[in-house]
Amino acid sequence: MEWEEETKDLYKKITENIPEGFRNSVKPLIYEAAEKRCVERNGSYVNEADLITAIFDITPEAFKAMMTDDLKSLGINVERYIELKDIRDRYRLSWQKLEDAFHPGNVHFAMYITEKCNQKCLHCAADEKVERPELTTEQWCEIIENIETGLRKNGRRACFIWFGGEPTLREDIHDIMKFCGDKGYYHAIITNGVRFAEEFAKSCSDNGMSHVFVSFDSADPIKNDKIRGMPGGKTLESAKKAIDNCLKYGLFVCSSITVMKHNIDELEDLKAISESWGSQPYFRAVVKQNRAADYWDEIGLSQEDYKKLYEFKYKHAIEAIRDGKAGTLPAYEIYEMTPFMECPKDDKEMTGIEWGVGCLACRTMMGIGVDGTIYPCGYPTKLTLGNALKDKFEDVLNTQIYKDIRDRKRTGKCGECHHLKYCGGGCRVHTECETGDFFASFPYCWHEMDHEHEKLEGFVKEKELEIIKK
C-alpha cells in the first residue's frame, strides 16, 4: 500500500521518539495498523488521519497520555484524531451489523459468468451481439483465486457478484457458489428472480452467500414487464417471490433498480415498495451501452434527470448524515456513481461518504467479462486492464492505468473541478460510451464552476477538503 510523502515523514518522526527498547517491535505494529485504517475508509494512500488513529489503536491505556504529549509536541491536533477514531469505530460496528462483504475496503466484482438471459430488458448493458463460449467451472475458480490472492496481498478482499445475463441459467452455478463458500470468500448474485426458487435460495444460504440483488424497475407490474421486455411476463411477481425466498433463508437482499426515463418519477414509490418487501433499494443510473444504447431515445436520462436522481440520493442520505444518522444508514443509501456535489464540512460527514460516492471504478467496483477480461468498473468497457486467466491480479493492481483510474485522474472540466475528490467525474463507463474516452468529463454534469471555495483552516490539509462558501 502507498503512503503520502508527508505521512511517511511524520511516521519517521513519531517512531524516532519511541524509546529505543520498544522501537523495533512497535514500528511495524503502527505501520500495519495505519494501512488497516486506510483500507477501512477505502483509501488509496495512507494519510495523517490513518496514522494517528492507528497509533491510538495499538497504544496501551497506560501509555496514551505520554503518546498524546509526544504527538502534540509535533504540532498534531490530537483531540481531533481521538474524536475521529471514535467516529470511525462506530462506523466499523455499523458495517459489521449490516454485512461484512459491504465493508468499504472490499472490492465488488461483477462476474459475467453467462450472457444467456430469460428476459430482454431495454436497459441491458451486456454485450449480446457476438455469441461467446462460457468459461468452465474450473476457469472461473481459477479467476476467483487469482483475484482474491492479489487483493489480500494488498490488505483487501473481494466480493464476487454472479452476473450475466441471468446467472441462474448457468448449470454449474451451485458448484461455483460452493467453491466460494468452502473457501470463505464473499459472494453474491444478481437475478431477475424467474428461476430463483426456494431451493435456489437455500443453496445460496448453505454456501455462505453474502447478499442477493433482485432486479425490477417499476412499481407498476405492466410497466415493469414492458421495461424488461416481457409483456404479460409477471416480472414484478417473480421479483417479489425471489425476495420472499431470500428472506425465508436469512439472506440479505437488495433491490437492483436501474433508473431511466421510464421510472425517474417513481423513485419514492420504488423505494417504498422495496422496503415494504424487506429489501434494501439500490438505484443505479442507466448506462448508454449495447441494448440500452439501441433504446436510448426511449429510456436515456437527460441532464435534468441526473440532477433529479442526485437530489433524491441527497435527500435520503446526505441530509440524514447531517442529522447524525450516518452510522445507521444502509450501504446503498450512499453508494452511487452519478456526479456528487457535496463538500463534507466535518469528520462525521467525511467518514459517512468518502468510501462510496462518485466514480467507484478501481476503488470498490470492478468487473470480469465472460472471457476473463478485466474491466475497471462493473460494466463492460472498451478500456480494459488485462485478462484474469492470463495476468496476475496482483500485477494489475500495480499498473499505472489502474492507479490513474483509482486516483480519479480526469481531463477537461472534471479534471479542474473542486468536487473531483469525492465525485470522481461521475460514471466513467457512461462517459466512455458518450465520448470514447474513459478519462473525459462526464457529459451530463450540471455543475457550473461559477462560485468560490474557501479552505477550512485547521481541519484537514487543504488538498483534502474544501467547503462551499455559505
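# Cavities, a pocket and a few helices: worked exercises

In the second largest cavity, α5 supplies the largest share of the lining, four residues. Keep in mind that you're working with a predicted model.

**Exercise 1. Work out what surrounds the second largest cavity, and how its lining splits by class.**

Solution. Start with the space itself: the volume is about 140 Å³. Next, list the lining: R37, E40, R41, R88, Y91, R92, W95, H103, P104, T351, E354 and W355. Now sort by element. The ones that give two or more residues are α2 and α5 (78-98), with α5 giving the largest share. Last, sort by class: six residues of this lining are charged, four nonpolar and two polar.

**Exercise 2. Do the same for the largest cavity: find its volume, the residues nearest its centre and the make-up of its lining.**

Solution. The structure holds nine cavities of 30 Å³ or more, and the largest takes up about 200 Å³. Count the lining and you get 17 residues, with F163, Y282, R284, M337 and M365 nearest the centre. Then look at the strands: β3 (107-112), β4 (158-163) and β8 (280-285) each put in at least two residues. β3 gives the most, namely three. Finally, the classes: 13 nonpolar, three polar and just one charged residue.

**Exercise 3. Describe the second largest pocket by volume and by lining.**

Solution. Volume goes on the page before anything else: about 660 Å³. The lining runs to 39 residues, and those nearest the pocket's centre are C117, C124, A126, G164 and G165. Elements that contribute two or more lining residues are β5 (186-191), β7 (252-259) and α12 (291-294). Splitting the lining by class gives 16 nonpolar, 13 charged and 10 polar residues.

**Exercise 4. Check whether the length of helix α1 fits its residue count, then work out how its buried residues are arranged around the axis.**

Solution. Helix α1 covers residues 5-16, which makes 12 residues. At 1.5 Å a residue, the expected span is 16 Å; the end C-alpha atoms sit 17 Å apart, so the two agree. Now pick out the buried residues of α1: T7, L10, Y11, I14 and T15. Looking down the axis of α1, you'd find the buried residues within an arc of 125 degrees, so they line one face of the helix. What covers them? The cover over the buried residues of α1 includes β1 (2-3), α2 (20-40), β2 (45-46), α3 (48-58) and α4 (64-73).

**Exercise 5. Find the buried residues of helix α11 and say what follows the helix.**

Solution. Helix α11 spans residues 267-276, and L267, L270, K271, I273 and S274 are buried in it. Then step past the end: α11 is followed by G278, which has a positive phi, near 90 degrees.

**Exercise 6. Is K308 buried, partly exposed or exposed, and which residues does K308 contact beyond its sequence neighbours?**

Solution. First place the residue: K308 belongs to helix α14 (residues 303-322). Its relative accessible area is 34%. Buried means under 20% and exposed over 50%, so K308 comes out as partly exposed. For contacts, set aside the neighbours within four places in sequence; K308 then touches I264 and D265. To finish, compare sequence and space for one pair: K308 and F216 are 92 residues apart along the sequence, and their C-alpha atoms are 20 Å apart.

Definitions and conventions:
Residues are numbered from 1 along each chain as its sequence is written. This is a predicted model: local features need pLDDT of at least 70, side-chain atom pairs count only at pLDDT 80 or more; totals for chains, interfaces and linings use all residues. Side-chain values use heavy atoms; hydrogens and water are left out. The expected span of a helix is 1.5 Å times one less than its number of residues. Buried means under 20% relative accessible area, exposed over 50%, partly exposed in between (1.4 Å probe, protein chains only). The arc is that of the directions from the helix axis to the C-beta atoms. Contact means heavy atoms within 4.5 Å. On a 1 Å grid over the protein atoms alone, a cavity is a set of points where a 1.4 Å probe fits but cannot get out, and a pocket is an open set with protein on both sides within 12 Å along at least five of seven lines; lining residues have an atom within 4 Å of a point. Grid points are joined across faces, edges and corners, and a volume is the space filled by probe spheres set on the points. Ala, Val, Leu, Ile, Met, Phe, Trp, Tyr, Cys and Pro count as nonpolar, Asp, Glu, Lys and Arg as charged, and the others, Gly among them, as polar.
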